[in-house]
Each structure stands twice: as C-alpha cells, then as structure tokens.
Amino acid sequence: VELRRRGYKVGIMDADITGPSIPKAFGLDGICEAAPLGGILPKETQTGIEVMSVNLLLEDVTSPVVWRGPVIAGTVKQFWTDVVWGDLDCMLIDCPPGTGDVPLTIFQSIPLDGIIVVTSPQDLVSMIVAKAVNMAKLMNIPIVGIVENMSYVKCPDCGKEFSVFGGGSDDIAKELNIDLLGKMPIDISLTRMVDNGCIEHFSEDYLNKAVEKLENLNK
C-alpha cells in the first residue's frame with residue numbers, strides 16, 4: 001500500500017495457497033478473467049495494485065484447498081508464468097510460514113531481489129527466523145531485513161506501550177547481522193481495515209523503513 005502511495009506499480013502474488021488472505025484484506029472477490037491472448041488477468045484493487053490469489057479462482061472462498069505439495073508448487077509456478085502481470089515496478093510475494101514447498105519453489109523458480117522475514121517477538125520464534133534466514137543464504141537469496149509483527153499494544157488512554165509477547169527482534173537481527181525494518185503493533189484499527197477489506201486506507205508509518213529499503217534495492 002505504501003509503495004503504491006509513492007507512485008510505484010505494484011503486484012501481489014498470494015503464494016499462501018492453503019491460507020489465502022490477500023483478497024480479503026483488499027476487498028476483492030469474484031473470479032479472475034481469462035486474458036484475450038491466453039493466461040489469467042489479475043484482479044486490481046481500488047488504488048491499482050494487481051493481485052493474484054487462489055481465492056480469486058474459486059467459486060466459494062471457503063472451499064478448502066486440499067492439495068499435496070507438488071500441486072501447490074505447480075500452482076505457485078503458474079501464478080508467475082500464466083498470469084498476465086502488467087508493467088510492474090515491484091512484485092511482493094506472500095509466502096506461508098516456514099521453509100516448505102512454497103518458499104523452496106519460489107526461491108528456485110522466480111528471480112528474486114530479496115526476501116523480508118516476518119516474525120513476532122517471542123524468543124521461541126528466533127529459532128524459526130534463523131531457519132528462514134539460513135535457507136535463504138543456502139540458496140543465495142539476498143535478505144532485505146526483518147519485520148516484527150505484534151510487537152506491542154499501545155494503551156489508547158495513556159499512550160504507554162506494552163510488549164505483551166515479551167522479547168523482541170532487535171537481538172536476533174543483531175545476531176544474524178540483518179536490518180530490523182519495522183515493528184508492527186497490535187492495532188485494532190488496522191485489524192478492522194483488513195477485516196473490512198479496506199487495507200488501502202492504512203496510513204501509519206510502521207513500515208516506512210522497509211519501503212525505503214525496497215526503493216533502494218536496485219539503485
């Protein structure tokens with residue numbers, strides 16, 4: 001959303017095949033149309049972000065996608081090869097958590113400028129972050145940085161911040177020598193925007209450092 005607000009042409013590939021949430025966040029529904037010369041046209045959000053997700057190919061968005069790994073991997077590849085993406089400045093690929101079939105397929109099949117690892121503040125998660133980082137290093141994928149989700153809750157009355165999950169990603173970022181690009185709080189207004197399909201109204205600056213890092217990737 002922030003990249004688009006800065007004038008970039010943005011696409012989002014929802015590669016979380018069994019838990020697709022991107023269309024809901026942007027208020028998108030219906031089935032994607034076929035392109036005149038073959039392939040699939042992505043849906044476009046109100047501000048012009050192009051989106052492809054398995055939930056934009058299903059008649060009923062609550063239908064479970066009960067597919068084995070090779071089929072899921074093949075679908076992710078088709079989202080890259082068979083979708084008629086526009087002339088984009090930036091494509092964001094939303095992966096499911098972990099180091100399974102989907103990220104492995106993406107790392108091997110799609111030319112990436114880098115990955116952003118999304119984490120949460122518990123000490124337990126630092127081990128999972130290290131796995132993702134080491135997987136990327138093993139496959140020579142650049143690591144842009146870490147974004148911490150559910151970092152804190154801000155009291156609406158006094159403004160004090162409470163780190164309800166304790167810990168923090170500062171230490172793991174320092175340990176792995178990776179930039180910490182932003183901390184997303186537990187924000188009720190943000191939750192409502194996602195639930196109501198109007199995430200494009202998001203206007204906080206939590207992710208400005210991440211966006212600036214992305215802007216400078218190819219400079």
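In this predicted model, Arg6 and Glu215 are joined by a salt bridge in which the closest N and O atoms are 2.9 Å apart. The pair connects distant parts of the chain, since Arg6 lies in the loop between H1 and strand E1 (10-14) whereas Glu215 belongs to helix H8, 209 residues apart. A salt bridge is also formed between the side chains of Arg6 and Glu2, with an N to O distance of 2.9 Å. Arg6 itself is partly exposed, its relative accessible area being 30%, a value that falls between the limits of 20% for buried and 50% for exposed residues. Side chains of opposite charge can pair when their charged atoms come close.

The structure contains six salt bridges. Another of these pairs Lys183 with Asp170, the closest N and O atoms being 2.7 Å apart. Here too the pair links distant parts of the chain, with Lys183 in strand E9 and Asp170 in helix H6 (residues 170-176), 13 residues apart. Both partners are partly exposed, Lys183 with a relative accessible area of 30% and Asp170 with one of 39%. Through salt bridges that share partners, Glu2, Arg5, Arg6, Glu212 and Glu215 are joined into one network.

Helix H8, which spans residues 208-215, has Ala210, Val211 and Glu215 as buried residues. These residues cover an arc of only 140° around the axis and therefore lie on the same side of H8. An α-helix has 3.6 residues a turn, so residues three or four places apart point the same way. The packing partners of the buried residues of H8 are helix H1 (2-5), strand E6 (143-148) and strand E9 (180-183). Glu215 thus appears in two settings, as a buried residue of H8 and as the salt-bridge partner of Arg6.

A contrasting case is offered by Asp16, a residue of the loop between E1 and helix H2 (22-26). Asp16 is buried but has no salt bridge, and the nearest side chain of opposite charge, that of Lys24, is 16 Å away. When neighbours within four places in sequence are left aside, the contacts of Asp16 are with Asp94, Cys95 and Pro96. Thr105, located in helix H4 (residues 101-109), is likewise buried, with a relative accessibility of 9%. Under the same exclusion of sequence neighbours within four places, Thr105 is in contact with Ala73, Val76, Lys77 and Ile110.

At the surface, a nonpolar patch is formed by Met150, Phe162, Val164, Phe165 and Ile186, which together present about 410 Å² of accessible area. Within this patch, Phe165 is situated in the loop between strand E8 (161-162) and H6 and is partly exposed at 35% relative accessibility. Met150, another member of the patch, lies in the loop between E6 and strand E7 (153-154) and is partly exposed at 33%.

The backbone of Met150 is also of note, with a phi near 55°, a positive value in a residue other than glycine. Most residues other than glycine have a negative phi. A positive phi, of about 60°, is likewise found for Asn177, which is not a glycine. Asn177 is placed in the loop between H6 and E9, and at 72% relative accessibility this residue counts as exposed, whereas Met150 counts as partly exposed.

Terms used: Residues are numbered from 1 along each chain as its sequence is written. This is a predicted model: local features need pLDDT of at least 70, side-chain atom pairs count only at pLDDT 80 or more; totals for chains, interfaces and linings use all residues. Side-chain values use heavy atoms; hydrogens and water are left out. Buried means under 20% relative accessible area, exposed over 50%, partly exposed in between (1.4 Å probe, protein chains only). Helices (H or I, at least four residues) and strands (E, at least two) are DSSP runs, numbered from the N terminus. The arc is that of the directions from the helix axis to the C-beta atoms. Contact means heavy atoms within 4.5 Å. A salt bridge is a side-chain nitrogen of Lys or Arg within 4 Å of a carboxyl oxygen of Asp or Glu. Patches are made of residues with over 30% relative accessible area and no salt bridge: like charges are joined within 9 Å, nonpolar side chains (Val, Leu, Ile, Met, Phe, Trp, Tyr) within 5 Å. Accessible areas come from the Shrake-Rupley method with a 1.4 Å probe; for residues, only the protein chains shown count as cover. Lys and Arg count as positive and Asp and Glu as negative; His and the chain ends are not counted.
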